[in-house]
Amino acid sequence: MSDRPPFPEIVDSTIIGSFRSCRRKFELEYLNHWKPKVPSVHLHAGGAYAKGLETVREAYYVNGDDADTALAKGLGALLGFYGDFECPMDSAKSAARMAGALEYYFHVWPLDSDPAVPATLPSGGKAIEFSFAEPTDVIHPVTGNPILYTGRMDMMVEYAGGLFGEDDKTTSSLGPSWSKQWDLRSQFTGYCWAAGRAGMKLNGFLVRGISILKTKYDNAEAITYRPQWMIDRWYTQLCRDIEDMKRCWEQGYWDYNLDSSCLEYGGCGFRQICITKDPQPWLETNFERRIWNPIAREEQVVK
């Protein structure tokens, strides 16, 4: 086993989603850590937007700043995160448009009248950017320790007489199907599982979406519920998938999907690798190794 890449000790919804989509993609992306040299504008802009939201909420709900001051701090944090990243010409997710989206968000859901307010944790703090790392029943094939399932949700909120997780999404379109896509979203079910382990039973999730186009913004809101039987089913499937991941690692072979996942979300980033007989030169030219840390939620470039 010494010639194999280390098996992960920590997984999250992104890692599990990659494995479910295509085993080969998971191997390239999260075992061998190949990432495109040019970062995705969607990931970078989304990270800047999330940083802005977190900063506004911390300023208003924790530090006691007024709404205008909190928003100003959030805009500064967003632009600082965005930095000198060059937005592609065909993308609407420029620094200016993302800052406008943050302003639009708090125009639609004003801080001083938002019906969804951050819940108070048992520790007394506010449930903003709630992070977790919970052990599963799956044992690591080398260390013998339980494999951890980790994540970080935007907020836990008191809303409509219940306790809900809250998640903010950006998109280019808010069509009729937007609100339907969350009912089986594994990410949210995992958050409900982890919150329950921490002693906070969630009714479900409040999902807020902002569409960002070059000429306008739009918004939508959806509520999706997670009864306990759905959470139990999710956990059973999670453990089965991690066990399957272990089998692939032990066998040294990662199955290809070679079907729908190759074209998901505009096309898999490794599509060229799978249509190239000798992928190594292409990998070394167009990719670099960056290790994703699910707990810190950041990547580190490695040789």
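**Exercise 1. Which residue follows α2, and what is the sign of its phi?**

Solution. The model is predicted.

- Step 1. Go to the end of α2. His-33 follows it, and its phi is positive.
- Step 2. Read the value. Phi of His-33 is near 65°, and His-33 is a residue other than glycine.
- Step 3. Recall the background. Most residues other than glycine have a negative phi.
- Step 4. Place the residue. His-33 sits in the loop between α2 and β2.
- Step 5. Check burial. The relative accessible area of His-33 is 18%. The cut-off for buried is under 20%, so His-33 is buried.

**Exercise 2. Find where Ala-160 lies, and decide whether it is buried or exposed.**

Solution.

- Step 1. Look at the backbone. Ala-160 has a positive phi, near 55°, in a residue other than glycine.
- Step 2. Locate the residue. Ala-160 is in the loop between β5 and β6 (162–171).
- Step 3. Apply the cut-off. Exposed means over 50% relative accessible area. Ala-160 has 67%, so it counts as exposed.
- Step 4. Set it beside His-33. His-33 is buried, whereas Ala-160 is exposed.

**Exercise 3. Determine how far α2 is enclosed, and by which elements.**

Solution.

- Step 1. Count the buried residues. In α2, 8 of the 9 residues are buried.
- Step 2. Name them. They are Arg-23, Arg-24, Phe-26, Glu-27, Leu-28, Glu-29, Tyr-30 and Leu-31.
- Step 3. Find the partners. These buried residues pack against α1, β2 (34–36), α7, α8 (271–274), α9 (280–286) and β9 (287–293).
- Step 4. Conclude. With 8 of 9 residues buried, α2 is largely enclosed by the rest of the structure.

**Exercise 4. Describe how α1 and α7 pack.**

Solution.

- Step 1. Recall what is needed. Two packed helices are described by the angle between their axes and the distance between the axes.
- Step 2. Take the values. The angle between α1 and α7 is about 65°, and their axes are 11 Å apart.
- Step 3. Classify. Angles of 65 to 115 degrees count as roughly perpendicular, so α1 and α7 are roughly perpendicular to each other.
- Step 4. Give the handedness. α1 passes α7 in a left-handed crossing.
- Step 5. List the contact. From α1 come Ile-16, Phe-19 and Arg-20; from α7 come Gln-237, Leu-238, Asp-241, Ile-242, Asp-244, Met-245 and Cys-248.
- Step 6. Sort the residues by class. The contact of α1 with α7 has 6 nonpolar, 1 polar and 3 charged residues.

**Exercise 5. Repeat the analysis for α4 (residues 67–82) and α5 (residues 95–108).**

Solution.

- Step 1. Take the values. α4 and α5 pack at about 155°, with axes 10 Å apart.
- Step 2. Classify. Over 145 degrees counts as roughly antiparallel, so α4 and α5 are roughly antiparallel to each other.
- Step 3. Give the handedness. The crossing of α4 past α5 is right-handed.
- Step 4. List the contact. Leu-71, Gly-74, Leu-75, Leu-78, Leu-79 and Tyr-82 of α4 meet Ala-95, Met-98, Ala-99, Leu-102, Glu-103 and Phe-106 of α5.
- Step 5. Sort by class. The contact of α4 with α5 has 10 nonpolar, 1 polar and 1 charged residues.
- Step 6. Explain the spacing. An α-helix has 3.6 residues a turn, so residues three or four places apart point the same way.

**Exercise 6. Identify the members of the largest nonpolar core that touch the most other members, and trace the contacts of Trp-254.**

Solution.

- Step 1. Start with the core, which has 43 residues.
- Step 2. Pick out the best-connected members. Phe-26, Tyr-149, Met-153, Met-156, Leu-202, Phe-205 and Trp-254 touch the most other members.
- Step 3. Find the suppliers. The elements giving at least two residues each include α1 (13–21), α2 (23–31), β4 (128–139) and β5 (146–159). α7 gives the most, with 9 residues.
- Step 4. Trace Trp-254. Beyond its neighbours within four places in sequence, Trp-254 contacts Phe-19, Arg-23, Arg-24, Phe-26, Glu-27, Leu-31, Met-245, Cys-248 and Trp-249.
- Step 5. Add the other core. A second, separate core has 26 residues, including Val-56, Tyr-82, Met-98 and Phe-106.

**Exercise 7. Work out what Phe-106 touches, and how far it is from Val-56.**

Solution.

- Step 1. Place the residue. Phe-106 is in helix α5. At 11% relative accessibility, Phe-106 counts as buried.
- Step 2. List the contacts. Not counting residues up to four places away in sequence, Phe-106 touches Leu-53, Val-56, Leu-71 and Leu-111.
- Step 3. Compare sequence with space. Phe-106 and Val-56 are 50 residues apart in sequence and 9.5 Å apart in space, C-alpha to C-alpha.

Technical notes
Residues are numbered from 1 along each chain as its sequence is written. This is a predicted model: local features need pLDDT of at least 70, side-chain atom pairs count only at pLDDT 80 or more; totals for chains, interfaces and linings use all residues. Side-chain values use heavy atoms; hydrogens and water are left out. Axes are lines fitted to C-alpha atoms, for helices over the stretch in contact, and angles run from 0 to 180 degrees between N-to-C directions. Helices (H or I, at least four residues) and strands (E, at least two) are DSSP runs, numbered from the N terminus. Angles under 35 degrees count as roughly parallel, over 145 as roughly antiparallel, 65 to 115 as roughly perpendicular and the rest as oblique. A crossing is left-handed if the near helix is turned anticlockwise from the far one by less than a right angle, and right-handed if clockwise. Contact means heavy atoms within 4.5 Å. Ala, Val, Leu, Ile, Met, Phe, Trp, Tyr, Cys and Pro count as nonpolar, Asp, Glu, Lys and Arg as charged, and the others, Gly among them, as polar. A nonpolar core is a set of buried Ala, Val, Leu, Ile, Met, Phe, Trp, Tyr and Cys residues joined through side-chain atoms within 4.5 Å. Buried means under 20% relative accessible area, exposed over 50%, partly exposed in between (1.4 Å probe, protein chains only).
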